[in-house]
Amino acid sequence: MGSLSFQVEAMLNSMSWARVAIEACIPPTIDKVDNWFPLSLTSICLGNTITHGNEASSQDKAKAVIFLRRHLDEGLKVEYLTVKDPLELWTGLKEKYDHLKATILPRARYEWIHLRLQDFKTVSEYNSTVFRITSQLKLCGEVMNDEDLLEKTLTTFHASNMVLQQQYRERGFKKYSELISCLLVAEQHNTLLLKIMNLVPQGQLRFLKRI
């Protein structure tokens, strides 16, 4: 199933089609499929082309189709290559993403609720799962911010690490990336220490501990 690629730069000039500039890639979300397309078409006086029973001119319909297509990824461009009516194109896209939302959102919500740092062998595995789930939620219009990610991580430490959890909380992290970076460094340090302990003879190990 293809995905939508939205590219938006600062200004959509309602008076001039030629000045619609496409610069920045924005990850696709169902919310943008539902809202961004109609608002953008309206801003360039083409909103009526995707309403039922419209009497838009063939020229406006052609402009609307061009606008919609230039914001699709290659897979969707091929899939809707023969569609010439903007209402048909818009309806097809909306049905596709409504179905996507119905199948992905419940599972992503369930996985987020049951996500726990303590259930993963490594911080890296946990972090990858966090981004997979939050990306699916974002696709469906539900965005998890840094506060959500920090709270999820700090409240799902293993019970044996409660003191460590409190220490991280007291550091007052504002960004999830900062917390994860610290956890990754700590994990690498502990892994290295364990390797050293397994390699160093017992007598020298006692000496290293005193150091």
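# A tour of the predicted model

Read along the sequence, the chain runs β-β-α-α-α-α-α-α-α-α-α. That pattern holds nine helices and two strands. The model is predicted. Begin with the whole protein chain on screen. It has 211 residues, and 33% of them are buried. Now consider the contacts between residues with a separation of 6 or more: 60% of these join residues 24 or more positions apart.

**Stop 1: Cys45**

Select cysteine 45. It sits in the loop between helix H1 (30-43) and H2. Check its backbone: phi is positive, about 60°, although this residue is not a glycine. Most residues other than glycine have a negative phi. Is Cys45 buried or exposed? Cysteine 45 is exposed, because its relative accessible area is 51%, and the cut-off for exposed is over 50%.

**Stop 2: helix H2**

Move on to residues 58-69, which form helix H2. The helix has twelve residues. From first C-alpha to last it reaches 16 Å, close to the 16 Å expected at 1.5 Å a residue. Colour Ala64, Val65, Phe67 and Leu68: these are the buried residues of H2. Look down the axis of H2. The buried residues fall within an arc of 160°, so they line one face of the helix. Then turn to the other side of H2, where Ser58 and Gln59 are exposed.

**Stop 3: Leu93**

Select leucine 93, in helix H4. Its relative accessible area is 0%, so leucine 93 counts as buried. Add leucine 72 to the selection. The two leucines are 21 residues apart in sequence. In space they are 9.9 Å apart, C-alpha to C-alpha.

**Stop 4: H4 against H5**

Show helix H4 (residues 86-113) together with helix H5 (residues 123-139). How are two packed helices described? By the angle between their axes and the distance between the axes. Here the angle is about 140°, and the axes are 9 Å apart. H4 passes H5 in a left-handed crossing.

Now display the side chains where the helices meet. On the H4 side, pick Tyr97, Leu100, Ile104, Leu105, Arg107, Ala108, Arg109, Glu111 and Trp112. On the H5 side, pick Arg132, Ile133, Thr134, Gln136, Leu137 and Leu139. Colour this contact by class: nine residues are nonpolar, two polar and four charged.

**Stop 5: Thr134**

Stay in H5 and centre on threonine 134. Threonine 134 is buried, with a relative accessible area of 12%. Which residues does it touch, not counting those up to four places away in sequence? They are Trp112, Met144 and Leu149. Trp112 is one of the H4 residues that meet H5. Next, draw a line from threonine 134 to asparagine 145. They are eleven residues apart in sequence, and their C-alpha atoms are 9.4 Å apart.

**Stop 6: Tyr168**

Finish at tyrosine 168, in helix H7 (residues 162-170). This tyrosine is buried, at 8% relative accessible area. Show its contacts, leaving aside neighbours within four places in sequence. Leu154, Phe157, Phe173, Leu179, Cys182, Leu183 and Ala186 appear. Pick out Leu179 from that set. Tyrosine 168 and leucine 179 are eleven residues apart in sequence. Their C-alpha atoms are 7.8 Å apart in space.

Note on methods. Residues numbered from 1 in each chain as written. Predicted model: local features only at pLDDT ≥ 70, side-chain atom pairs only at ≥ 80, totals over all residues. Heavy atoms only, no water. Axes fitted to C-alpha atoms, helices over the stretch in contact; angles between N-to-C directions. Helix = DSSP H or I, 4+ residues; strand = E, 2+ residues; numbered from the N terminus. Left-handed = near helix turned anticlockwise from the far one by under 90°. Contact = heavy atoms within 4.5 Å. Nonpolar A, V, L, I, M, F, W, Y, C, P; charged D, E, K, R; others polar. Expected span 1.5 Å × (residues − 1). Buried < 20%, exposed > 50% of the residue type's maximum accessible area, 1.4 Å probe, protein only. Arc of directions from axis to C-beta.
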